[in-house]
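Q: I'm new to this one and would like to go through it step by step. Could we take the labels one at a time and see what earns each of them?

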Amino acid sequence: MKRTNEIVVGAVIVLGIALLIFGTLWLQGVGFGREEVVTQARFREVGQLLHGNAVKLRGVPIGRVEDIYLESGGEWVIVAMKIESDVVLPVDPVVLLAPESMFGDWQAEIFPRSRYPLYDYSESTDPQVIPGYALPDISRLTAVADQIAGNLAVLTERVEIAFTEETALNVRRAIENIQEVSEQLTGLVDKQQRTMDQVAANLETTTRTLGEAAETVRRAFAQVEAAISHGELAAIIDDVQRTTAQLDSLSNVMTAASQDFRSTVQRADSTFRIVHSIATAVRSGEGTAGRLLQDTTLYSELRQTNALVRALVEDFQKNPRKYINLSIF
Amino acid sequence: MSQAWSAPLAAVGRTALSTLAGFGRFGEFGASVARSFRDTSTWLRLVALQMARLGVESLPIALFIAAFTGIVLALQASYTFTGAVPLYFVGTLVGKTMILELGPVLTGLALAGRVGANIAAELGTMKVTEQVDALETLAYDPVAYLVVPRLIAGVVMFPVVVAFADAVGIVSGWITAINMLDMSTAEFVRGLRLFFLPFDVHYSLIKAASFGLAVTAMGCYFGFTTAGGAEAVGRSTTRAVVVSSMLILVLDAFWAATLL
Amino acid sequence: MSIELRDVHKAFGERVILEGVTLEVREGETMAVIGYSGVGKSVMLKTIVGLLEPDQGTAWVDGQDVGSLAREQLYELRRKVGYVFQFAALFDSMTVAENVAMGLRRIRGMGEQEIEARIAEALRLVELEGFQDRYPSQVSGGQRKRVGLARAIATRPKYLLYDEPTTGLDPVTTAVIDRLVLKLEQELGVTSIVITHNMESAYRVARRIAMLYQGRIRFVGTPDEIKQTTDRVVRAFIEGRPELAQEAAA
Ligand SMILES: Nc1ncnc2c1ncn2[C@@H]1O[C@H](COP(=O)(O)OP(=O)(O)OP(=O)(O)O)[C@@H](O)[C@H]1O
Ligand SMILES: [Mg+2]
C-alpha cells in the first residue's frame, strides 16, 4: 500500500514538473529541436522591448529576444536575439524595434538597410553586431501627428488670408480651372522635356505646340473671366493676359525653368495627396489607428510629409505670390 | 469604578489578551514543528501517504474547478472584449488570470475546504479520543508523526496540483474559445503567448506553496488544539477552513504587493 | 527502580484535581489505585508518563524526574512504559495489527517477521487471535480495550500503567486479563499501576491498594489491610455504602 502511494505521488510530481517545464517553454514560443544562433544588435535605447519578444524577418517570426543589457559605459543597449540558424539575413541588415500591435508588446524586425535608410542607426565597430533603431512608441507618433495637424492648420489659415471671404466662391472655381491649366501645362512640360533632345530639329513643331498650349491657356482664362466679374480677379486676368502675350518668349525660358517648375508642382501635388490620404484615413474612424500603427513605415511617411508641409508653409510665407502667380503666370 | 464603562474596556482587554495568547500558542506550535523537523525517521516514511491524500486525491476537485473557470474566463473575456479589443486577447486573459490568480487561489480555497477540514477533523478527533496521547506513550513525537508530513505534503503538492489546474484551465479556455467563440487555435495561442513571462509560473507556484503551508498549518493547528468532544472537533474544523481561506486571500494580496 | 509521585498538584483552571499526591510503587510490584469517578485517577496516571505536567511536585520513573527530562530522554523513557488508555485510544485509521505494531516499530533492529510474531503473541495474550486485519470500528468496546492492552504489552515494557483495563468486560474475560496482569508481574517482573473500580480485580492482582480521595492518597495497604481498615471513607468505597461516607463527612 505504501509502495503504491509512493509510485502514484512520484508519477504525479514528475508529470507536474514536466507539464511546468514544457508549458513554460511552449508559452515562451520556443521551437523544440530547432537549431538557434544568437545574434546581437545595438541600440541607443530599446523602448519597451522585453525578454521573450518576437524577432521577425519580412513579418515572419524567426526567433525571440534572449537578453537585453547595457553596453559597458551605459551609452548603448545590446539586444541578443535567438534566431533560427537556417534563416539567411539580408545583406547589410538593420534591426528596427517597434510595437507589434497597439497593445504594448514590441518586436524586433530585421530589414535590409536600403528599405529604411534614413534612420539614425546605432552602428557598432563589431561587424557581427547589427545596427538598430527603436521607433518611437505610440505617444511620440501622436505628437508627430499633432505637429502635422498644426502645420495643416497654418496652411489653411494662409490660404484663407490669401483668398478673402468674398471671393471664395469665384476663386474656388478659378482654382479648378487653374488646376486644369496646370495639368495641361504639366503635360506640356512633359512633352517638352521628352522632345528636348530634338529641340533644335523640331523647334518649329515645338513652337506650334506651345502656341496651341497658349491658346488652351487663353481659352481657360476666358472661362475664368466669364465666371468671374470681380475687379480683383479682373486684374489678375489682366496680368495673366499680359503674361500670355509673352508666351512666345516664355518658350525659351520654359526649357530652362521646366525642371524646377515641374518638381515644385509635383512636390506640392504629392504632398497634398499624402495629406489628403492621411486625413481620409484619420477621418474614417474605428480601427484605423490600430491599422496605421501596425505599419511601421507610417512614421517615416509622416515625417517626410511633415517636412514637406513645413517647407511649403515657409515657402508660402516668404513669397505667396509665387503660388498664385506662378500657377497663373 | 462604574460598571457602565469598565465592562466594555474589560471586554476589549480580554479580547486583546486572548488574541495575543492565540498568537503565542501558534508560535509555540510553530516552534514545536521546527523542532520536530529533525525527527526525520518518524515523518519521512509518512510523507508519501499524505502527499497522496492531500495532493493526488485533490486533483479531481481542483481540475473540475479549473476546467469550469477556464470556460467562464473565455466566455466572459469575449463578452468584455467586443469591438475595440481584438479577440485574441481572450487567450491572454485566460492564460494570465488562470496562472496568476484563479489557478492558485481557487485551488487553494477549494483545498482549504477539502484538505484543511480533513486535517482539522482528523487530528481533532485523534486529539479528543486520546490517540495523540497514545502516540506520545508509544514514544512517537505526535508533531513529527502527524503534523510535519502534512505540512510537507501541502507545500510540495499544492504547487503540483496548481500546475495541473493552470494547465487544465487554459486548455478548457482554449477549447471554449475555438468551439463557442469565433476564434482559431492560432489566435488563442497568440494571445496566450503575448504577455507570457516565465515569472508568471514561478509566481503561481510560490503562491500555491504558501497556500499549501497555510492550509495544512491551520488544519494541524486547530486540530491539535481541539479540546472537548465532537462539537469541539466541528468548531476546530470550521475555524481551520475559515482561517485558512482568509489567510489565502491575505497571502494572495501579500504576494501581489511584494512580488509583482 | 520504581515509580514515585512526590507531592503532585494539578489543577485545570480553577478546578483543583490533585492536591499533593504522594505514592511509591516498588519495583516489581503491582499497585491498584481505586477512587471515586472523577477524582483524578487518570490525571494522576498521565502525570507519570508526562502527558500532563504537574503544577507542583514531581513524578519519578526509573530513577528519573519525568518533568525535567529533555524530549529525547522523555521518549527514551516512554519506550520502557506501557500505557493502557481508559478508552483504548486505538488509531482508528489502522488495523488492529498496525495498532499493536506501532510501539514495536520504535524498537531499533526489529525485523518485520519478529514484529508479526510479537503482534500475534500480544493478541493471543488478550484472547484476540486472528483479529490482526480488523479495524477498531469493527470490534466491540471490550475487544478494543484488549487491543489497547495488547498494544501496551507488545513491547514488553518494564512499567505498565493500566487505566481501568477490565471495566466493561465480562467476568470471564476480566479474570483472563487479571491473570495476564499477574503473569506479567510474576514472569517479567513488570512494575505496574492498575486503576480499577472492580474490588475483586484489585484484590486479585494487587500487592498493595491505594485510594485516591479528594486530591490526596487516603489509604495505602495490602488487600488484607484494606479489608480491615477502620477508615469509614475507604470502607464506604470498598463496600459500596454511601451512608458511611456521609457519616464520615459529618
Ligand atoms: N484535560 C483536561 N482538562 C480539563 N479538565 C480535565 C482534563 N482531564 C481531566 N479533567 C478533569 O479532572 C477530573 C478528574 O478526571 P479523571 O479523568 O482523572 O477522573 P478519573 O478519576 O479517571 O474518573 P473515572 O474513574 O471516571 O475515569 C475530572 O473532573 C475532569 O473533568
Ligand atoms: Mg479515568
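A: Sure, and let's start with a term: a polar contact is a pair of N or O atoms within 3.5 Å, and within protein one must be able to donate a hydrogen and the other to accept it. Keep in mind that this is a predicted model. By that rule, 9 residue pairs are in polar contact between chain B and chain C, both residues being at pLDDT 80 or more.

Q: Which elements of chain B give two or more residues to the side that touches chain C?
A: They are helix 1 (3-36), helix 5 (131-137) and helix 6 (142-180) of chain B. Helix 5 gives the most, with 6 residues. Sorted by class, that side has 8 nonpolar, 5 polar and 6 charged residues.

Q: What makes B:Glu136 and C:Arg78 a salt bridge?
A: Their closest N and O atoms are 2.2 Å apart. The rule asks for a side-chain nitrogen of Lys or Arg within 4 Å of a carboxyl oxygen of Asp or Glu, so the pair passes. The count between chain B and chain C is 3 salt bridges.

Q: How many residues does the contact take from chain B and from chain C, and how much area is buried?
A: Chain B puts in 19 residues and chain C 21. About 1,900 Å² is buried between them, with carbon and sulfur atoms giving 54%. On the chain B side, B:Thr137, B:Leu138 and B:Ala139 lose the most area to chain C, together 31% of what that side buries.

Q: And what does the side of chain B that touches chain A look like by class?
A: It divides into 27 nonpolar, no polar and 3 charged residues. The contact takes 30 residues from chain B and 22 from chain A. Together the two chains bury about 2,200 Å², 80% of it on carbon and sulfur atoms. In chain B, B:Phe164, B:Arg193 and B:Phe196 lose the most area to chain A, together 22% of what that side buries.

Q: How many salt bridges and polar contacts does the rule find across the interface of chain B and chain A?
A: It finds 0 salt bridges and 1 residue pair in polar contact, both residues at pLDDT 80 or more. Helix 2 (40-55), helix 4 (89-128), helix 6, helix 7 (185-194) and helix 8 (198-224) of chain B each supply at least two residues to that side. Helix 6 has the largest share, 6 residues.

Q: Why do C:Ser42 and C:Gln86 count as donors to the magnesium ion (ligand 2)?
A: The cut-off for this metal is 2.8 Å, and C:Ser42 (OG) and C:Gln86 (OE1) coordinate it at 1.9 to 2.2 Å, so both qualify. C:Ser42 lies in helix 1 (41-48) of chain C and C:Gln86 in the loop between strand 6 (81-84) and helix 3 (96-104), so the pair ties together parts that are 44 residues apart in sequence.

Q: How do you know that C:Arg15 is in polar contact with ligand 1?
A: An N or O atom in the side chain of C:Arg15 is 2.8 Å from an oxygen atom of ligand 1, and the limit is 3.5 Å, so the contact counts. A backbone N or O atom of C:Gly40 lies 2.9 Å from a ligand 1 oxygen. For a polar side-chain atom of C:Ser42 the distance is 2.6 Å.

Q: Which residues come nearest to ligand 1?
A: Of the 14 residues around ligand 1, C:Ser37, C:Gly38, C:Lys41, C:Ser42 and C:Gln86 come nearest.

Definitions and conventions. Residues numbered from 1 in each chain as written. Chains lettered and ligands numbered in written order. Predicted model: local features only at pLDDT ≥ 70, side-chain atom pairs only at ≥ 80, totals over all residues. Heavy atoms only, no water. Donors = N, O, S within 2.8 Å, 3.2 Å for Na, K, Ca; no water. Helix = DSSP H or I, 4+ residues; strand = E, 2+ residues; numbered from the N terminus. Contact = heavy atoms within 4.5 Å. Buried area = accessible area lost by both parts, 1.4 Å probe. Nonpolar A, V, L, I, M, F, W, Y, C, P; charged D, E, K, R; others polar. Near = heavy atom within 4 Å.
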